[in-house]
Amino acid sequence: MEQFPASLILAGAGRMGGAMLEGWLEGGLAPASIQVIEPHPSEALTTLAQRTGFQLNPPVASLRPARALVLGIKPQMLAEAAPALAPLAGPESLVLSILAGKTLANLAAAFPQAGGIVRVMPNLPASIRRGVSVAVANAGIDAPRRAEADALLRAAGDVEWVADESLIDAVTAVSGSGPAYVFHLAEAMAQAGVAAGLPRDLAERLARKTVIGSGDLMRASDASASALREAVTSPGGTTFAALQVLMRDGDGMPALLTEAIAAAANRSRELSG
Ligand SMILES: NC(=O)C1=CN([C@@H]2O[C@H](COP(=O)(O)OP(=O)(O)OC[C@H]3O[C@@H](n4cnc5c(N)ncnc54)[C@H](O)[C@@H]3O)[C@@H](O)[C@H]2O)C=CC1
Ligand SMILES: O=C(O)[C@@H]1CCC=N1
């Protein structure tokens, strides 16, 4: 049995907060223990609340500090939202933040009463419990709080704990933003397929199914990404011709991704404070 927190308030159930909520519900977190604060609830969130029974936007006066306060708002909203949210994190509470860039020190200043703080970078596949999260805890996180945070993150996929908070900016750039790179790969493959003469709908289906099948194959196989790539590449064949372009020094995919990931990590650092 997972050691979920006895009560949880989620502040901000947009795309990522909503994805984690779906993962928790699928993973067995009791809907009766969940309260969600979301000023602009989507239709899907409202339907989910009706179907499962968690409280969506309970009267503010009824809110008491929860064992876990999960922050799913945007980093730029923290300063504005914190004064109203801070009373919901008491000495027994754990604050779990998914905000890109916001450091443990930023969060401790915004939630001065909180018993402990965990900064997490999750990713969007959390909604189907296939996410990967990297977490770092401040000194207030004791073993029970850490186990509860771990249970929440495990319900959304895999979890890695790190001790060095400075790694989180690069983590954000690789796995937090990473699903967007994969989806963009599917977009770009479809576009290139159209340029090579395919009808758009066929090109989009082929790109989508190729990304899905390749991901499933990676999941099913112990082979490294390099070994799987080599398995597609016949010497002197078609893949080899394509990879000579993609792996080109200077302007190939490794160079582009290095630049893109550095830009994302820099943006994460800028968002602190
Ligand atoms: N979208 C993603 O794939 C990932 C997002 N994140 C982080 O998740 C956070 C949310 O990002 P998204 O879900 O993409 O944005 P979003 O805009 O979809 O969600 C933010 C939600 O917060 C709500 N909100 C605004 N003020 C509020 C308040 N005072 N109290 C409660 N809720 C309030 C908004 O109505 C909105 O629904 C960000 O901090 C981002 O860095 C982290 C990893 C991946
Ligand atoms: O784009 C962003 O800022 C957020 C953080 C990681 C993924 N989405």
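How do the residues of the shell around ligand 2 divide into nonpolar, polar and charged? The tour returns to that shell after a view of the whole chain; the model on screen is a predicted one.

**The whole chain**

Display the protein chain as a cartoon. It contains 11 helices and 8 strands, and its C-alpha atoms occupy a box of roughly 65 × 40 × 35 Å along the principal axes. Of the 273 residues, 34% are buried. Among contacts between residues at least 6 apart in sequence, 66% join residues at least 24 apart.

**Two domains**

Next, colour residues 8-169 as domain 1 and residues 178-270 as domain 2. Their centres, taken over C-alpha atoms, are separated by 32 Å. Domain 1 contributes 6 residues to the contact, and domain 2 likewise contributes 6 residues. On the side of domain 1 that touches domain 2, there are 3 nonpolar residues, 2 polar and 1 charged.

UniProt annotations, from an unreviewed entry, may be laid over this view. The feature "domain: Pyrroline-5-carboxylate reductase catalytic N-terminal" covers residues 9-101. Select that span: 33% of it is helix and 18% is strand, with its end C-alpha atoms 21 Å apart. A further feature, "domain: Pyrroline-5-carboxylate reductase dimerisation", is placed by UniProt at residues 165-271. Here the figures are 78% helix and 0% strand, and the end C-alpha atoms lie 15 Å apart.

**Ligand 1**

Centre the view on ligand 1 and show its surroundings. The shell holds 24 residues, of which the closest are Gly12, Gly14, Met16, Ala81 and Ala100. By class, this shell has 14 nonpolar, 7 polar and 3 charged residues. Helix 1 (residues 15-27) supplies the largest share, 3 residues.

**Along helix 1 to Trp24**

Stay with helix 1 and select Trp24, which lies in this helix. Is Trp24 buried or exposed? Trp24 counts as buried because 26 C-beta neighbours lie inside 10 Å, and the threshold for that class is 20 or more. Beyond its neighbours within four places in sequence, Trp24 is in contact with Leu29, Leu152, Ala155 and Ala156. Add Gly157 to the selection: 133 residues separate Trp24 and Gly157 along the chain, yet their C-alpha atoms are 9.9 Å apart.

**Ligand 2**

Move now to ligand 2, the subject of the opening question. Its surrounding residues are Ala100, Thr172, Gly176 and Ser177. They divide into 1 nonpolar, 3 polar and no charged. Ala100 is also among the closest residues around ligand 1.

**Helix 7**

Select residues 178-195, which form helix 7. The distance between its end C-alpha atoms is 26 Å, in agreement with the 26 Å expected for 18 residues at 1.5 Å a residue. Just after this helix, Gly197 takes a positive phi of about 110°.

**Two loop residues with positive phi**

Most residues other than glycine have a negative phi. Two loop positions may be inspected with this in mind.

- Asn57 has a positive phi near 50°. Asn57 sits in the loop between strand 3 (55-56) and strand 4 (68-71). With 15 C-beta neighbours inside 10 Å, Asn57 counts as partly exposed.
- Arg129, although not a glycine, has a positive phi of about 65°. Arg129 is found in the loop between strand 6 (116-121) and strand 7 (131-137). Arg129 is partly exposed, as 17 other C-beta atoms lie within 10 Å.

How values were computed: Residues numbered from 1 in each chain as written. Chains lettered and ligands numbered in written order. Predicted model: local features only at pLDDT ≥ 70, side-chain atom pairs only at ≥ 80, totals over all residues. Near = placed C-beta within 6 Å. Nonpolar A, V, L, I, M, F, W, Y, C, P; charged D, E, K, R; others polar. Helix = DSSP H or I, 4+ residues; strand = E, 2+ residues; numbered from the N terminus. Expected span 1.5 Å × (residues − 1). UniProt positions renumbered as here; feature names shortened; annotations may be inferred. Buried ≥ 20, exposed ≤ 12 C-beta atoms within 10 Å, placed from the backbone. Contact = placed C-beta atoms within 7 Å. Domains from an automatic or database assignment.
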